[in-house]
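Open the model in your viewer and keep the sequence panel beside it. This tour moves from one selection to the next.

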Amino acid sequence: MKPIVAIVGRPNVGKSTLFNRITRTNDALVDNFPGVTRDRHYADARWNDVEFTLVDTGGFTTGDDFADEIRFQVDQAIADADIIILLLDGKEGISPFDREIVDNLRTVDKPIFYAVNKIDGSEQEVSLADFYQLGLKSLYPLSAEHRYGVSDLLDEVVDALTGFVTEPIEGHTRSVIKLAVVGRPNVGKSSLINRILGEKRLLVSDIPGTTRDAIDSVWEMNGRSYRLIDTAGIRRKGKVHRKLEKYSIIKALRSLDRCDVALIVMDAAEGVTDQDISVAGYAFERGCGCILLLNKWDLVTKDSKTAKMYYERLRQQAKFLNFAPAMTISALTGLRVRKIFKQVDEVYDQYARRISTGELNRCLDRAIERNEPSLHRGKRIKFYYGAQTSVKPPTIVCFVNYPQAVHFSYKRYLINQFREKTGLDKTPIRIIFRQRTGRKRKGKH
């Protein structure tokens, strides 16, 4: 297990900027107003050949709609961490929040590093004098934005981490199935992850837009590991006004880019909306395995025919996802939540499956024999052979004499034939038509 380093502090002191600097990414959302980061945010980092997990946290404050929830998350991050970095603001000076955090940290029996941010050079280090009023022995001046002093802080942090670093156990490495939990705001994405993990890992609120960052959690079940990626709710473009929310949507879409299977959460009590279908379309366009989850089923007034009616309506609205399994669940009560992973395993196994070239071409030959492609300018379109070139999703290249002339309806027919004959009925399949290269065969005309 990698040791965990948590960055804590009041709002707008530069925690996310420091997080991005250390991890050399832009994973944490950064903006110039307080309260941007609400959940804990994790990323792996490396310094002087020492690896650790860095945690960015929401600002420690009061008087905000989410203040109690943010403080819970900060306290949770402190409890989980092996080392803590308290970040202070060198420009604003000491605040009552700083005193409260320092007093809280005095009760924590862990290495704590007190860093003063927004110190852009040695000439500004005179600003440190005020912070010694907090009774701190050592202060680390730095500028997260301009890199000043960050190296000195990290040198000390990794020295303190030496006792925490453990070697990986051989024979225990296994692939992790990456799941992005996506959907429009307020459909229960964070509640679903909390139900799965069995702990209050993510901030949950009935106010749309609560989750802004994409958050990762790892969970194991029946010998398989899953990385759960919670994402900001995806709104219609016309409703995205704030720059921060635009960033959140970009991050949600990037989460789809790095996942194996997308759990597309919808609010069954409200019914399937056009925006639900748009979110599903984002996942489909990116070639993700997909599972459609009708959440809040406990709130639906139903009889024996209700579920069938919902499924039929969903299939009608999202025809492009006719291969994706659909389930009714309740994150609140736990209804069928564990059964999601049976579907995940089946979808992922197909998503990562490779079909032999022989089996593939037998399927292709039978499909063409059953339904020949149309003529192109009076000439027959010929399929020479096919080969699977990659997985995640299964991607098949078919070599054709006129690749640009193959109609989309025939492409759809071939995909359906491959689904039926190869058992890939729960995963997206990509087909690419390509001109055959090389010398033409000699033969009778």
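What follows is a list of stops, each with something to select and what is there.

**Before you start**

This is a predicted model, so local features need pLDDT of at least 70 and side-chain atom pairs count only at pLDDT 80 or more, while totals for chains, interfaces and linings use all residues. Residues are numbered from 1 along each chain as its sequence is written, and side-chain values use heavy atoms, with hydrogens and water left out.

**Stop 1: the whole chain**

Show the cartoon. The chain has eleven helices and 17 strands. These are DSSP runs numbered from the N terminus: helices are H or I, at least four residues, and strands are E, at least two. Of the 445 residues, 52% are buried. Buried means under 20% relative accessible area, exposed over 50%, and partly exposed in between, with a 1.4 Å probe and protein chains only. Of the contacts with a separation of 6 or more, 69% are between residues 24 or more positions apart. A contact means heavy atoms within 4.5 Å.

**Stop 2: strand β1**

Select residues 4-8, which form β1. Five of the five residues are buried, so the strand is largely enclosed by the rest of the structure. Turn on side chains: I4, A6 and V8 point one way, and V5 and I7 the other way.

Now add residues 50-56, strand β3. β1 and β3 pair in the parallel sense over four bridges; two strands pair if DSSP finds at least two bridges between them. V5 stands opposite L54 in β3. β1 also pairs with β4, again parallel and over four bridges. Here I7 has I85 as its bridge partner.

**Stop 3: E92**

Follow the chain out of β4 (83-89). E92 lies in the loop that leads to α3 (96-105). Is E92 buried or exposed? It is exposed, with a relative accessible area of 60%. Pick the C-alpha atoms of E92 and N117: they are separated by 10.0 Å, though the residues are 25 apart along the chain.

**Stop 4: the largest nonpolar core**

Select L256, A262, I264, L292 and L321. Within the 28 residues of the largest nonpolar core, these touch the most other members. Such a core is a set of buried Ala, Val, Leu, Ile, Met, Phe, Trp, Tyr and Cys residues joined through side-chain atoms within 4.5 Å. Elements giving two or more residues are β7 (176-182), β10 (261-267), α7 (274-285), β11 (289-295) and α8 (306-317). Which gives the most? α7 does, with five residues.

Zoom to L321. Leaving out residues up to four places away in sequence, L321 touches I264, A280, F284, C290, L292 and R315. A second, separate core of 27 residues includes A331, F341, V347 and Y351.

Next, colour β7. Five of its seven residues are buried, so β7 is largely enclosed by the rest of the structure. β7 and β10 run parallel, joined by four bridges. V182 has I264 in β10 as its bridge partner.

**Stop 5: aromatic pairs**

Rings of Phe, Tyr and Trp (its six-membered ring) pair if their centres lie within 6.5 Å; planes under 30 degrees apart count as stacked, over 60 as edge-to-face and the rest as tilted. By this rule there are eleven aromatic pairs. Select W219 and Y226: the pair is tilted, at 6.3 Å centre to centre and 35° between the planes. W219 counts as buried at 12% relative accessibility, and Y226 at 0%.

Move to W297 and Y310. Their centres are 5.0 Å apart and their planes at 85°, so the pair is edge-to-face. W297 is in the loop between β11 and α8 and Y310 is in α8, so the pair ties together parts 13 residues apart in sequence. Both W297 and Y310 are buried.

**Stop 6: the β15-β16-β17 sheet**

Select the three strands in the order β15-β16-β17: they form an open sheet with mixed pairing. β15 (383-390) and β17 (430-435) stand at the edges, each with a single partner strand, so one side of each has no neighbour in the sheet. β15 pairs with β16 (residues 395-400) in the antiparallel sense over six bridges. F383 has V400 in β16 as its bridge partner.

Finish with the rings of F383, Y410, Y413 and F433, which ring pairs link into a cluster.
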